[in-house]
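Colleague: Before I trust the labels on this thing, I'd like to hear the reasoning behind them. Can we go through them together?

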Amino acid sequence: MNSSHTRGELPEKGIYTDFLNRMTYGEYLGLDSLLSSQHPLSGHHDEMLFIIIHQTSELWMKLIIHELKAAMDCIHRGELSMSFKMLARVSRIQEQIIRSWDVLSTLTPAEYMEFRDKLGQASGFQSWQYRMIEFYLGNKSHHIMEIYKKDPELLEKIREALESPSLYDISIQQLAKAGLPVDPGVLDRDWTQPYQPHPSVEEAWMTVYKNVDKYWDLYQLAEKLIDLEDWLQQWRFRHLKTVERVIGFKRGTGGSSGVPYLKGVLDQRFFPELWDLRTRL
């Protein structure tokens, strides 16, 4: 007798099969809504790939925002160690998004041209969740807000992130609370402006790195921030190379210059002093 066949015919005891009055897996996850949210506008086979890759990226970004907000709250309260797991999780999420570009890169230029015109002016450039992530990390921008005027409620949510201290601002405040000298102008600045590096901040971080045992939590925080920026730059670079592979140097559907724009953002830095001090150590 084939034992594997026998095992297949005998159901394991205890498995629930009656869900007439119980919540199912699909109901818990809202799969009816989730799996019916793909609406290709062309008849081309590969448009489904394009939609799902971008939708899953948005889901991952929703989780990034969830984790960043919680981590920032912990850091603000001085509970640095509690933030480390959340920040480490964000780095792992970024790794997953990077891997998704490998899947999208199976889309050839000829295939994408079959449905690209259906996007109109819609573009990942308009992703409000990506803007929220950038704002939380400190890359503030006023002019980008124009994109979201269509939705006043959404605009207000993004404006709140624009006007609040970034993850790095909150981390620098912890340097000062630990007794490290930080220029008052850095601690009470216009949060809507991009962060500018300051000598007092670099010196404070230098003290942390030269006295690891004394400032262990701040040292760990700094390394978690470096992880975040490292993975973010890899995310940006993989995006750049996928775009170049699929559309070359065409302009983006949202009006950006495409590859040249993406190359430009690779030069942006979120935590400059943490990178600069590595040369001095």
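Modeller: Sure. Let's begin with a cut-off: a residue is called buried when its relative accessible area is under 20%, and exposed when it is over 50%, with partly exposed in between. By that rule, the buried residues of helix 7 are Gln129, Tyr130, Arg131, Met132, Ile133, Glu134, Phe135, Tyr136 and Leu137. Keep in mind that this is a predicted model.

Colleague: What makes helix 7 count as mostly covered?

Modeller: Nine of its ten residues are buried. The cover over those residues includes helix 4, helix 8, helix 9, helix 12 and helix 13. Just after helix 7 comes Gly138, with a positive phi near 110°.

Colleague: How do helix 7 and helix 12 lie against each other, and which residues touch?

Modeller: Their axes come within 13 Å and cross at roughly 145°, and the crossing is left-handed. On the helix 7 side, Tyr130, Ile133, Glu134 and Leu137 make the contact, while helix 12 brings Leu228, Leu232, Trp235 and Arg236. Sorted by type, that is six nonpolar, no polar and two charged residues. Glu134 and Arg236 also belong to a salt-bridge network, together with Arg131.

Colleague: Why is Asp169 with Arg189 called a salt bridge?

Modeller: The rule asks for a side-chain nitrogen of Lys or Arg within 4 Å of a carboxyl oxygen of Asp or Glu. For Asp169 and Arg189 the closest N and O atoms are 3.0 Å apart, so the pair passes. Asp169 sits in helix 9 and Arg189 in the loop between helix 10 and helix 11, so the bridge ties together parts 20 residues apart in sequence.

Colleague: Are those two partners buried or exposed?

Modeller: Asp169 has 3% relative accessibility, so it counts as buried. Arg189 is at 18%, and since the cut-off is under 20%, it counts as buried too.

Colleague: What about the pair Glu203 and Arg280: how do you know how to label them?

Modeller: Their side chains meet in a salt bridge at 2.8 Å, N to O. The pair links helix 11 to helix 14, across 77 residues. Glu203 has a relative accessible area of 40%, which falls between 20% and 50%, so it is partly exposed. Arg280, at 43%, is partly exposed for that reason as well. Then there's Lys149, which bridges to Glu146 at 3.0 Å; its 52% is over 50%, so Lys149 counts as exposed. The structure holds 13 salt bridges.

Colleague: Now the rings. Why is the pair of Phe50 and Tyr112 called stacked?

Modeller: The centres are 5.3 Å apart, inside the 6.5 Å limit, and the planes are at 25°, which is under 30, so the pair is stacked. Phe50 is in helix 4 and Tyr112 in helix 6, so the rings tie together parts 62 residues apart in sequence. Phe50 is buried at 15%, and Tyr112 is buried at 6%.

Colleague: And what makes Tyr209 and Tyr219 edge-to-face?

Modeller: Here the centres are 5.1 Å apart and the planes at 75°; that is over 60, so edge-to-face is the label. Tyr209 lies in helix 11 and Tyr219 in helix 12. With 12%, Tyr209 is buried, whereas Tyr219, at 21%, misses the under-20% cut-off and so counts as partly exposed.

Colleague: How many aromatic pairs does the structure hold?

Modeller: Ten. There is also an aromatic cluster, formed by Tyr168, Tyr195, Phe270 and Phe271.

Note on methods:
Residues are numbered from 1 along each chain as its sequence is written. This is a predicted model: local features need pLDDT of at least 70, side-chain atom pairs count only at pLDDT 80 or more; totals for chains, interfaces and linings use all residues. Side-chain values use heavy atoms; hydrogens and water are left out. Axes are lines fitted to C-alpha atoms, for helices over the stretch in contact, and angles run from 0 to 180 degrees between N-to-C directions. Helices (H or I, at least four residues) and strands (E, at least two) are DSSP runs, numbered from the N terminus. A crossing is left-handed if the near helix is turned anticlockwise from the far one by less than a right angle, and right-handed if clockwise. Contact means heavy atoms within 4.5 Å. Ala, Val, Leu, Ile, Met, Phe, Trp, Tyr, Cys and Pro count as nonpolar, Asp, Glu, Lys and Arg as charged, and the others, Gly among them, as polar. Buried means under 20% relative accessible area, exposed over 50%, partly exposed in between (1.4 Å probe, protein chains only). Rings of Phe, Tyr and Trp (its six-membered ring) pair if their centres lie within 6.5 Å; planes under 30 degrees apart count as stacked, over 60 as edge-to-face and the rest as tilted.
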